[in-house]
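Student: I've got the model open and I'd like to go through the labels people put on it. Can we take them one at a time and see what backs each one up?

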Amino acid sequence: MSTLYSGGLVFDGDGNISKGQGVLVEGDQITRIADVGEFDGFDGDRVDTSGGTLMPGLFDCHVHLCMDASGDPGTVMDKLTDAAITMGALERAQINLRAGITSVRDCGGKDYLEFAVRDACNKRTFLGPTIYAAGRMICMTGGHGNRVGRVADGCDEVITAVREQVHAGSDFVKIMATGGVMTPGVNPEDAHYSAEEMAAGIHEAHRFHKHTASHAQGRDGILNAVRGGIDSIEHGIFMDDKCIEEMKESGTFLVPTLAAVKNIIANKDNGIPAYAVEKSIRVTEFHIASFKAFYKAGGKVAMGTDAGTPFNTHGKNTLELLYMTEAGMSTSDALVAATGNAADLVRDDSRGRIKEGTFADLLIVQGNPVDDITMVSDTANHRTVVKYGEAVSG
Amino acid sequence: MAMLLSGGMLFDGDGQVHEGMGVLVDGDRIARVAPVAEFANFDGQRVDTSGGTLLPGLFDCHVHLCMTASGDTGADMAKMSDATITMLALQNAQTILRGGVTSVRDCGGKDYLEFAVRDAINARKFMGPTIHAVGKMICMTGGHGNRVGRIADGVQEVVKAVREQVHAGCDCVKIMATGGVGTPGVNPEDAHYTAEEMAAGIHEAHRFHKHTASHAQGRDGILNAVRGGIDSVEHGIFMDDKCVAEMKENGTWLVPTLAAPRHILENPDAVPDYVIKKTNRVSKHHLASIKMYYEGGGKIAMGTDTGTPFNLHGNNAMELAYMVEAGVAPIDALQASTGNAADLVRDSERGRIKEGHYADLLIVNGDPVSDITMVADKSNHRAVLKYGELAAGSLG
């Protein structure tokens with residue numbers, strides 16, 4: 001089945017916007033991109049993108065499919081059967097897809113339940129986004145994520161924990177470098193793993209060809225992760241010039257998750273545990289300042305929301321682009337963060353750009369998102385989501 | 001959003017075929033059934049069923065959503081994570097829906113994994129058939145289904161086992177009255193639970209408003225179940241006149257599952273030895289029993305046992321062809337798969353084309369009363385509707 005998309009603008013995932021192009025999709029792939037004149041004799045299906053923009057389907061590099069974005073998602077999960085969590089994870093994955101997110105990176109689930117959802121979606125048994133999953137977050141005793149994570153202390157245990165995730169079938173590995181907002185009794189500012197523990201875990205993941213992510217909020221923990229060779233810093237709340245400089249030097253990505261803190265503060269009276277609210281209020285201005293400074297210095301950003309955390313609803317992922325531009329990012333860079341950059345972070349060269357030979361995971365929106373980011377950030381402005389060449393309904 | 005289906009024939013799920021009727025669907029329910037002239041001014045969506053037949057979506061009263069339909073489904077399941085089985089059960093449920101079956105009764109799952117699938121589908125978070133689920137099959141030590149069932153011996157334990165299924169949220173309760181083909185070391189002919197154990201379990205389920213089913217192949221076990229008040233006998237392989245008479249007297253349903261032994265016989269080298277040996281022993285008795293029961297006027301509800309070896313989810317409608325082959329009249333096979341089945345599972349909102357019922361519908365080519373393959377073979381299906389929405393095929 002062939003479909004030709006033409007009439008509107010094309011945003012390529014690398015920051016370029018062009019007009020007068022036709023994008024030919026055959027089966028599940030983009031097979032040809034050329035001046036629309038080349039397709040004069042084409043007699044397959046046509047999709048008229050006039051007045052709109054065709055772009056790569058978006059990536060969200062930080063979601064939690066097992067978490068339902070209620071006020072206290074951890075407690076909710078405790079009360080659900082594993083099968084019910086699994087069904088919820090599939091439902092949320094599909095909600096993400098319908099909201100324009102054609103690829104998600106799940107940054108920590110529960111007992112690998114989400115792997116079954118990942119496998120079903122990636123095998124195309126069910127329609128859903130492409131899912132890259134970390135499996136269990138690796139954290140120290142008492143560390144952030146210890147409720148569902150894989151607790152490990154000392155280099156040997158951290159290495160064992162990494163091997164377990166690899167053996168379980170993880171696509172990448174997540175190692176917690178600091179405390180966080182959502183875990184009681186820990187500080188976001190504090191480093192958790194030592195520099196040695198971080199380096200050992202990251203090295204082990206890399207030698208098994210898995211990229212690595214680190215929940216890293218406080219400065220010291222960020223530096224531990226970066227020096228250990230981490231591929232992405234999640235959140236990056238307390239970054240100083242040293243952090244930024246070393247991240248730039250190492251080519252480390254920042255996945256800001258501005259939505260996470262924002263949604264906790266906006267819902268502070270709605271049943272979120274008090275410790276989470278208190279910590280969010282404490283960190284938010286640092287978070288925005290860090291993001292601004294990192295971006296201004298030319299650091300690499302990949303979009304991620306932390307969807308699943310309190311009131312950070314799956315399906316509202318695209319608002320993160322608005323938050324990033326409100327914090328000073330250019331619209332074009334925000335779009336790249338959610339497309340080409342994200343694909344580079346997760347090491348998927350078959351998606352994230354409008355490029356011949358890549359999968360037809362696409363998003364068609366009204367207008368021009370480079371002129372007006374709300375064309376992407378507000379799903380009401382989305383015309384169609386396409387996954388593997390097929391339009392997604394709903 | 002309103003939709004009018006007209007032009008073709010209508011089988012109403014109450015044993016009647018009508019011509020010239022229009023069926024108005026509004027949202028998720030059937031709003032009106034009347035001669036088509038009444039809808040002359042209708043200006044909503046029209047679906048032309050000319051040359052075909054509209055009937056209620058089918059019921060399959062005996063499926064196993066967690067089972068893979070391979071040669072050794074138990075071995076498969078042992079290798080799969082619970083989450084993977086959950087995803088498989090959803091996939092199987094959706095495949096079944098696309099084959100024209102809009103309601104299923106799951107007759108035994110694994111660790112209630114299928115309950116999450118049931119709940120999500122019944123809450124309309126995912127497209128799928130309405131699911132009525134038993135949870136764990138209740139069986140004696142060493143009984144049929146003991147690998148994934150809830151083992152219980154003695155009246156007190158059986159009562160407790162029933163309470164557990166009720167507490168877990170089952171829709172109906174299944175208690176195994178005899179041995180079976182799929183379990184090594186047991187005979188289909190043998191009764192397993194005593195009459196007292198059967199009666200105690202059935203009584204407990206009934207007082208908590210759950211209907212009951214029994215895997216019952218051998219004659220004595222069938223009688224134990226029937227006398228205990230069972231609502232449906234599953235398989236019913238070795239029935240005699242006494243069984244038929246008592247089932248008729250008690251209003252007991254038979255769910256034949258002709259598909260199950262048939263598919264084993266078609267794949268003799270791909271199933272464990274004990275399975276094919278026992279199936280060879282029982283299959284002609286099975287056909288004879290079904291025929292005798294039907295000719296004796298007994299009540300039948302359609303069920304397939306899909307998930308068992310090579311008994312594929314999605315081909316459920318073929319059971320109607322097997323029933324007709326065994327001597328059941330096509331219209332009775334259709335009735336067994338619609339109104340009758342709804343009565344067995346106590347669903348008063350489905351299974352018939354009736355005002356107020358949910359719009360769970362099947363549109364097929366031709367006339368299934370003359371040619372059952374119009375329903376049995378899903379390549380003759382035009383469209384499947386669930387809650388008034390297209391689940392398979394097309395309306396245009």
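Tutor: Sure, and keep in mind that this is a predicted model. Let's begin with the domains of chain B: domain 1 covers 2-57 + 351-393, and domain 2 covers 58-316.

Student: What makes these the domain bounds of chain B?

Tutor: They come from an automatic or database domain assignment. In the model, the C-alpha centres of domain 1 of chain B and domain 2 of chain B are 30 Å apart. Eleven residues from domain 1 of chain B and eleven residues from domain 2 of chain B make the contact.

Student: Which strands supply at least two residues each to the side of domain 1 of chain B that touches domain 2 of chain B?

Tutor: Those are β19 (381-386) and β20 (389-393) of chain B. The largest share, three residues, is from β19(B). By residue class, that side of domain 1 of chain B has five nonpolar, three polar and three charged.

Student: Staying with chain B, what makes β13 and β17 edge strands?

Tutor: The sheet is an open one of five strands, in the order β13-β14-β15-β16-β17 (chain B), with parallel pairing. β13 (172-174) and β17 (299-300) of chain B each pair on one side only, and that earns them the name of edge strands.

Student: How do you know that β13(B) and β14(B) count as paired?

Tutor: The cut-off is at least two bridges between two strands. β13(B) and strand β14 (residues 211-216) of chain B have three bridges, in the parallel sense, so they count as a pair by that cut-off. If you want a spot to click on, B:K174 stands opposite B:A213 in β14(B).

Student: And what about antiparallel pairs, say around β18 of chain A?

Tutor: Strand β18 (residues 362-366) of chain A has two to look at. With strand β7 (residues 52-56) of chain A, β18(A) pairs in the antiparallel sense over five bridges, and A:P56 has A:L362 as its bridge partner. With strand β19 (residues 382-387) of chain A, β18(A) pairs in the antiparallel sense over four bridges; there A:L363 has A:V385 as its partner. Strand β18(A) is also mostly covered, as four of its five residues are buried.

Student: Why is A:R219 called buried?

Tutor: The cut-off for buried is 20 or more other C-beta atoms within 10 Å. A:R219 has 20 of them within 10 Å, so A:R219 is buried. A:R219 lies in helix α6 (residues 219-228) of chain A. Leaving aside neighbours within four places in sequence, A:R219 is in contact with A:F238, A:M239, A:D240 and A:C243.

Student: What makes helix α3 of chain A "mostly covered"?

Tutor: Eight of the ten residues of helix α3 (residues 113-122) of chain A are buried, among them A:L113, A:F115, A:V117 and A:C121. The buried residues of α3(A) pack against α2 (82-98), β9 (101-106) and β10 (130-133) of chain A, together with α2 of chain B.

Student: So which residues is A:V117 in contact with?

Tutor: Apart from neighbours within four places in sequence, A:V117 is in contact with A:L65, A:T86, A:A89, A:L90, A:A93, A:I131 and B:M87. Of the 252 residues in the largest nonpolar core, A:V117, A:A342 and B:V117 touch the most other members.

Student: How many residues of chain B are in contact with chain A?

Tutor: There are 15 of them, in contact with 14 residues of chain A. The elements giving two or more residues to that side of chain B are α2 (82-98) and α3 (113-122) of chain B. The residues on that side divide into eight nonpolar, four polar and three charged.

Student: Last one: why is chain A said to be as compact as a globular protein of that length?

Tutor: Chain A has 13 helices and 20 strands. The radius of gyration of chain A is 20 Å, and the globule rule gives 21 Å for 394 residues; the two are close, so chain A is as compact as a globular protein of that length. Of those 394 residues, 59% count as buried. In chain A, residues 24 or more positions apart account for 70% of the contacts with a separation of 6 or more.

Terms used:
Residues numbered from 1 in each chain as written. Chains lettered and ligands numbered in written order. Predicted model: local features only at pLDDT ≥ 70, side-chain atom pairs only at ≥ 80, totals over all residues. Contact = placed C-beta atoms within 7 Å. Nonpolar A, V, L, I, M, F, W, Y, C, P; charged D, E, K, R; others polar. Rg over C-alpha atoms; globule rule 2.2 N^0.38 Å. Buried ≥ 20, exposed ≤ 12 C-beta atoms within 10 Å, placed from the backbone. Core = buried A, V, L, I, M, F, W, Y, C linked by C-beta atoms within 7 Å.
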